[in-house]
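Hi,

Here is the structure I promised to pass on to you. Have a look at it first, and then read my notes below.

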Amino acid sequence: AFGTDVTSNYVLNLQRGSLTITQKSVTVTAKDLVVTYGDSYSLTAVVEGTYNGDPIFYVLTREVGNDVGSYVITPSGDVSQGNYHVIYRTGTLTIDHRDVTVTVQNASKVYGTADPVFSVDVSGTVGDDIIDYTLARGDGENVSDYAIRVNGDAIQGNYRVDYVNAVFSIVKADYDMSGITFVGAEYVYDGTLRNLAISGTLPEGADGKQVTVSYTDARKDVGT
């Protein structure tokens, strides 16, 4: 009581009043989430406004779809939960492209033979997903190194594609001269160089052309 006590001079008439406690507003906000196509993830939400760790019950659902794109995440539940009035706010799930690498393996062949089937390694895809690409090598059939190039779209559906080229080597072919022999001869020394005759037929080369062979016998002195 405040002031001077005058209750002895009065008859107190007490009036009842009321205290009204209204529900406190609470927000449940779905958290935005960015994931890579094909990866697993969990939906979460942030609850703000409760006292002393009071629980708020809700469920999270999202728009249907698993391809690259944006999807709404929706929290839902009872609006009235005990001492709380619950407000629900949506979030966004973003599915981003998955990185894939298409790598051509180095290859080689012997001069004059057909090109082999080039081997390609595709890494990073999910399940049975397919990446489209084309292969081409530099023009030429002589002994040398040539580029093997792999090409395709950088974005293919749910994938971001990186292409790695390779080297194709054409190596020298073996040439069998076992059927070729020199014809022996005997000369009287006269100080000049002598060339021996060759016996046998040179086989065709790997490209079907006739191969020519030249030699020089530098011997001109007496001897064998």
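**What I found**

R137 is buried, with a relative accessible area of 16%. That puts R137 below the 20% limit under which a residue counts as buried. Please keep in mind as you read that this is a predicted model.

What does R137 do with its side chain? R137 forms a salt bridge with E141, and the closest N and O atoms of the two are 2.8 Å apart. E141 itself is partly exposed, at a relative accessible area of 43%. Salt bridges that share partners join R137 and E141 with K109 and D115 into one network.

Another piece of that network is the salt bridge between the side chains of K109 and E141, at 2.7 Å from N to O. This pair links distant parts of the chain: K109 sits in strand β10 (residues 107–110), while E141 is in the loop between β12 (134–137) and β13 (144–151), 32 residues apart. Is K109 buried or exposed? K109 counts as buried, with a relative accessibility of 7%.

Now for another salt bridge. D99 pairs with R160, with the closest N and O atoms 2.8 Å apart. D99 belongs to strand β9 (residues 98–104) and R160 to strand β15 (residues 159–164), so this salt bridge ties together parts that are 61 residues apart in sequence. D99 is exposed, with a relative accessible area of 53%, whereas R160 is partly exposed at 34%. How many salt bridges are there in total? The count comes to seven.

**The chain as a whole**

Let's step back a bit. How many helices and strands does the chain have? The secondary structure comes to zero helices and 18 strands. Of the 224 residues in the chain, 20% count as buried. If you look at contacts with a separation of 6 or more, residues 24 or more positions apart account for 54% of them. As for the surface, the chain exposes about 16,300 Å², and carbon and sulfur atoms supply 49% of that area.

**A patch on the surface**

Which residues make a nonpolar surface patch of about 420 Å²? They are Y10, L12 and L14. To find L14, go to the segment before β1 (24–30). L14 is exposed, with a relative accessible area of 75%.

**One more residue to look at**

Q81 is worth a click too. You will find Q81 in strand β6 (residues 80–81), and at 12% relative accessibility this residue counts as buried. Where does its side chain go? The side chain of Q81 reaches the backbone oxygen of F57 at 2.8 Å. F57 is also among the residues in contact with Q81 once neighbours within four places in sequence are left aside; the others are Q23, I56, V86 and Y88.

If you want a place to start in the viewer, try E141, then follow its salt bridges to R137 and to K109. After that, jump over to D99 and R160 for the salt bridge between strands β9 and β15.

Cheers

Terms used. Residues numbered from 1 in each chain as written. Predicted model: local features only at pLDDT ≥ 70, side-chain atom pairs only at ≥ 80, totals over all residues. Heavy atoms only, no water. Salt bridge = Lys/Arg side-chain N within 4 Å of Asp/Glu carboxyl O. Helix = DSSP H or I, 4+ residues; strand = E, 2+ residues; numbered from the N terminus. Buried < 20%, exposed > 50% of the residue type's maximum accessible area, 1.4 Å probe, protein only. Contact = heavy atoms within 4.5 Å. Areas by Shrake-Rupley, 256 points an atom, 1.4 Å probe, with all protein chains shown as cover. Patch = residues over 30% accessible without salt bridge, like charges linked within 9 Å, V, L, I, M, F, W, Y side chains within 5 Å. Polar contact = N/O pair within 3.5 Å; in protein donor to acceptor, adjacent residues only side chain to side chain.
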